[in-house]
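Reader: I am a first-year student, and I would be grateful for a close look at a single part of this model. Please then place that part in its surroundings.

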Amino acid sequence: MKIVLSTTSPGLDSTTDPRFGRGAYLLVVDTETMRWEARPNPGVNASGGAGIQAAQFVADQKADAAISGDFGPHAFNALQAAGIAMYLYGDCRTADEAVKRFKAGTLERVGAATRAECDGAHHA
Amino acid sequence: MRIAVASGKGGTGKTTIATSLALSLAIEVSAPLPIFVDCDVEAPNAHLFLKPHLEQSRPVGIMIPVVDDAKCTYCGKCAEVCAYHAIAVLGRKTLAFPQLCHGCGSCAIQCSEKAITEKLDPIGVIERGPSLAGIDFRRGVLNIGEPMAVPIIRELLRQVTPRPGQTVILDAPPGTSCPVVAAMRGADYLLLVTEPTPFGLHDLRLAAQVAGELGIPAGVIVNREDGDYPDLDLFCRSSGLPILMRIPFERAIAEGIAQGRPLAEIRPEYIAAFQKLFWQITDSQIRQRAQE
């Protein structure tokens with residue numbers, strides 16, 4: 001199974017980045033082989049729509065799940081439309097730890113956006 | 001003549017100046033009654049002073065995409081051309097995000113399957129009516145929760161068609177971002193209202209840079225002056241910004257404003273001062289045009 005995690009650097013030993021749309025890297029992990037591939041998060045400097053870009057990336061990877069500290073309403077709606085399950089890091093500190101806990105089934109699954117969107121005043 | 005009143009920092013007295021300038025010009029019998037436009041659509045408040053009778057109201061919106069799932073082939077061209085990531089193709093679902101959409105229509109133009117139509121998404125209203133001293137009052141009001149002020153400001157300004165000799169006073173939003181630029185664009189002169197504090201000066205610098213970028217001549221009004229603040233005078237002198245008026249920090253003025261009374265009513269001597277200021281601005285404009 002393919003999953004995508006938001007991380008601060010490329011690699012399974014990377015610390016988790018709690019921000020989905022604006023985390024530094026998106027780490028694509030094959031949970032069977034533990035092979036990984038890292039991409040700089042496309043929306044990290046976007047003025048708006050960062051979560052949507054990250055969700056688009058996850059969908060393009062045909063991943064089954066995304067793990068992050070936080071999913072805003074746009075990212076949540078986009079991932080949900082793509083049929084991608086969302087899980088929260090909780091107190092996981094590294095990507096490796098999060099993948100292990102994901103496989104063990106001990107990560108919290110998200111059923112609704114975990115925060116409100118930004119006020120958007122700076123987008124206008 | 002279009003005069004925009006801006007500040008950078010919020011709460012310096014833009015509306016105090018703009019409303020009393022409009023009233024002072026309205027009292028002068030020789031000129032047509034001015035048009036007043038409250039462009040601070042996120043928090044309009046000029047109506048508190050000019051007390052308009054808002055007779056007309058009409059909705060303003062932007063055209064947002066609607067995707068026909070039956071026609072969509074998930075090719076992704078719409079998402080590719082959208083500069084604001086307001087539409088995304090997620091596997092076998094194309095999803096639009098109205099709050100990020102700027103209404104440009106690129107997605108619909110690019111769709112070879114004609115799967116995208118556009119519908120009007122209301123984001124606020126434009127209101128209009130006569131106010132104190134017969135001023136033609138207009139304002140925009142952005143719906144709560146809507147992020148984009150610019151389409152309303154643009155629509156407000158599109159509808160302003162002054163007669164020859166009719167002055168337009170624009171009360172701009174605070175800050176220096178897109179809504180402010182939208183309000184300033186097309187103005188003949190900018191009145192930058194500041195207060196003699198480091199914060200006021202900091203944001204005045206930013207506002208002056210926007211004025212420079214847009215090529216609009218500007219002058220400064222110092223509000224709530226309370227003792228010397230040489231840094232402000234120094235900045236204005238070195239930037240070629242004339243200080244056109246200084247309003248002292250006075251309890252009686254603050255009390256009057258808090259009661260919704262215009263400065264020109266609290267201190268009627270400002271009527272002549274604003275008329276003189278207007279004359280100064282127009283005179284400088286005429287001289288500048290003569291030199292061109």
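Author: The account below begins with one helix and then moves outward to the two chains.

The model is predicted, and for that reason local features need pLDDT of at least 70 and side-chain atom pairs count only at pLDDT 80 or more, whereas totals for chains, interfaces and linings use all residues. Residues are numbered from 1 along each chain as its sequence is written, while chains are lettered from A and ligands numbered from 1 in the order in which they are written.

The part chosen is helix H1 of chain A, residues 50-60. Helices (H or I, at least four residues) and strands (E, at least two) are DSSP runs, numbered from the N terminus. Nine of the 11 residues of H1(A) are buried, and the helix is thus mostly covered. A residue is called buried if 20 or more other C-beta atoms lie within 10 Å of its own, exposed if 12 or fewer, and partly exposed in between, with C-beta atoms placed from the backbone. The buried residues are A:Ala50, A:Gly51, A:Ile52, A:Gln53, A:Ala54, A:Ala55, A:Gln56, A:Val58 and A:Ala59. An α-helix has 3.6 residues a turn, so residues three or four places apart point the same way.

The packing partners of these buried residues belong to both chains. In chain A they are strands E1 (2-7), E2 (25-30) and E4 (65-68) and helix H2 (73-81); in chain B they are helix H3 (77-81) and strand E4 (87-89). Just after H1(A), A:Lys62 has a positive phi of about 55°. Most residues other than glycine have a negative phi, and most peptide bonds are trans.

The helix also takes part in the interface, where 20 residues of chain A are in contact with 19 residues of chain B. Two residues are in contact if their C-beta atoms, placed from the backbone, lie within 7 Å. On the side of chain A that touches chain B, H1 and H2 each supply at least two residues, and H1(A) gives the largest share, five residues. That side is made up of nine nonpolar, 10 polar and one charged residues. Here Ala, Val, Leu, Ile, Met, Phe, Trp, Tyr, Cys and Pro count as nonpolar, Asp, Glu, Lys and Arg as charged, and the others, Gly among them, as polar.

Chain A as a whole contains three helices and six strands, arranged along the sequence as β-β-β-α-β-α-β-α-β. Its radius of gyration is 13 Å, close to the 14 Å that the globule rule gives for 124 residues, so chain A is as compact as a globular protein of that length. The radius is taken over C-alpha atoms, and the rule is 2.2 Å times the number of residues to the power 0.38. The C-alpha trace spans about 45 × 25 × 25 Å along its principal axes, and 44% of the 124 residues are buried.

Chain B, the partner, has 11 helices and 11 strands. Of its 292 residues, 47% count as buried, and its C-alpha trace spans about 70 × 40 × 40 Å along the principal axes. By an automatic or database domain assignment, chain B is divided into domain 1 (2-55 + 123-291) and domain 2 (63-122). The centres of the two domains, taken over C-alpha atoms, are 39 Å apart.

An open sheet of nine strands, with mixed pairing, runs in the order E3-E6-E7-E2-E8-E1-E9-E10-E11 in chain B. Its edge strands, E3 (56-67) and E11 (243-248), each pair on one side only. Two strands pair if DSSP finds at least two bridges between them. Strands E9 (189-194) and E10 (218-225) of chain B pair in the parallel sense over five bridges, with B:Leu192 opposite B:Val220.

Within E10 of chain B lies B:Arg224, a residue other than glycine whose phi is positive, near 55°. B:Arg224 is buried because 21 other C-beta atoms lie within 10 Å. B:Tyr74, in the loop between E3 and H3 of chain B, likewise has a positive phi, near 60°. With 15 other C-beta atoms within 10 Å, B:Tyr74 is partly exposed.
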